Amino acid sequence: MRRLHAVNTTACVLALALCSPIASVMPMHGSQVLEIAQAGAAATTTLTAAQATRAARELLEALKVQDAAGIYAGLSTPLRSTTDEEAVRTRLRNSPSLSDYRISAISRGMDDTTVEAVAVLADGTKEAPLLLVLDDEGKLVAWKWVGTTLPIEQSALNFVQDLNAQRWVAARYYLDLDFQKEIGPQDLKRKWSKLARVLGGTKQIKSALVASQGGEQQLVLVTIEFGKVTDNLFVIFNREGRIINVDFSADLV
């Protein structure tokens, strides 16, 4: 999805998303994959379910065997420009060891793909669910261990939950003051209502994933299951943890 209010271009948003440290993502192994049904409006991402599965497996296999070069190759061009193989190798040495994985679902969205996986820890006694978000080229945009929530992730979830519950004034609370001056409650109502209607209604707000943290702009992806597609809403925060932009699809709102 893209913009609620025009600021950054999609390329700028993705560059921000892809500049976060991700080398601590955990490994896994292949299994049968469910592609989430998307009746009605077709997903517009150019990455097919088969390509997404292959890209996720390549990345996760590299993580499983601690292959720094393989992991580095799975990063986007903007992210590769901010790190190197040695930095990835150092992070791998400090990461937990995993023995296996399975990919359980592929959800193709408007302009990205969400991969649901389950990691098996090295001793084989514990499993941990994991979400990966891939761009149109199958490169990693963001990842998250399900069950862990950072403060800005919780703020993003609260914001979207308020929108979904039609609590427009409450949702506006999370916006930076300057952004509040530009976006009123009626603007939030109009844009969210049209988005939900076009995509078949909101079925589930699934998770929030930090893609970039600690800088002047911080990016959180909120994964939402609509009636026709599962997609990620880009919510951009300032350093103080206030929302300065929401990146809905310009084609929809």
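**Exercise 1. Find the residues outside the local sequence that T44 touches, and place T44 in the fold.**

Solution. Step 1: with neighbours within four places in sequence set aside, T44 is in contact with G109, M110 and D111. These contacts come from a predicted model.
Step 2: take M110 from that group. T44 and M110 are 66 residues apart in sequence, yet their C-alpha atoms are 4.7 Å apart in space.
Step 3: locate T44. It lies in the loop between β1 (34-35) and α2 (49-64).
Step 4: decide on its exposure. The relative accessible area of T44 is 47%, and partly exposed covers the range between 20% and 50%, so T44 is partly exposed.

**Exercise 2. Describe the surroundings of N232.**

Solution. Step 1: N232 is found in strand β8.
Step 2: its relative accessible area is 0%, so N232 is buried.
Step 3: look for polar partners of the side chain. One is the side chain of D112, at 3.0 Å. Another is the side chain of T223, joined to that of N232 by a polar contact of 2.6 Å.

**Exercise 3. Work out which parts of the chain build the largest nonpolar core.**

Solution. Step 1: the largest nonpolar core has 31 residues, and F159, V160, W192, V222, L233 and I243 have the most contacts inside it.
Step 2: list the elements that give two or more residues to this core. They are the helices α6 (151-164), α7 (168-172) and α9 (185-198), with the strands β6 (202-212), β7 (217-226), β8 (230-238) and β9 (243-247).
Step 3: rank them. The most comes from α6, which gives 6 residues.
Step 4: follow one residue. Beyond neighbours within four places in sequence, V160 is in contact with W192, I205, V222, I224 and L233.
Step 5: check for another core. A second, separate one has 27 residues, including V88, L98, I106 and L132.
Step 6: set this against a general tendency. In soluble globular proteins, nonpolar side chains tend to be buried together.

**Exercise 4. Classify the aromatic pairs by their geometry.**

Solution. Step 1: the structure holds 2 aromatic pairs.
Step 2: for Y173 and Y174, the ring centres are 5.1 Å apart and the planes stand at 80°. Planes over 60 degrees apart count as edge-to-face, so the Y173 and Y174 pair is edge-to-face. Y174 has a relative accessible area of 15% and is therefore buried.
Step 3: for W192 and F226, the centre-to-centre distance is 6.4 Å with 45° between the planes, and the pair is tilted.
Step 4: place the second pair in the fold. W192 lies in helix α9 and F226 in strand β7, so the pair ties together parts that are 34 residues apart in sequence. Both W192 and F226 are buried.
Step 5: add the charge. The charged end of R242 sits over the ring of Y173, 4.7 Å from the ring centre.

**Exercise 5. Decide where the coordinates should not be read in detail.**

Solution. Step 1: start with the whole chain. The mean pLDDT is 80, and 78% of the residues reach 70 or more.
Step 2: compare the elements. Helix α1 (residues 10-17) has the lowest mean pLDDT, 36, while α6 has the highest, 96.
Step 3: look for stretches with low values. Over residues 5-32 the pLDDT stays under 50, and the model has 98 contacts beyond four places in sequence for them. Residues 36-40 also have pLDDT below 50, with 12 contacts in the model beyond near neighbours in sequence.
Step 4: apply the rule. Where pLDDT is low, the predicted coordinates should not be read in detail.

Technical notes:
Residues numbered from 1 in each chain as written. Heavy atoms only, no water. Core = buried A, V, L, I, M, F, W, Y, C linked by side-chain atoms within 4.5 Å. Buried < 20%, exposed > 50% of the residue type's maximum accessible area, 1.4 Å probe, protein only. Helix = DSSP H or I, 4+ residues; strand = E, 2+ residues; numbered from the N terminus. Contact = heavy atoms within 4.5 Å. Polar contact = N/O pair within 3.5 Å; in protein donor to acceptor, adjacent residues only side chain to side chain. Phe/Tyr/Trp six-rings, centres within 6.5 Å; stacked < 30°, edge-to-face > 60°. Lys NZ or Arg CZ within 6 Å of the ring centre and 35° of its normal. pLDDT = per-residue confidence, 0-100.
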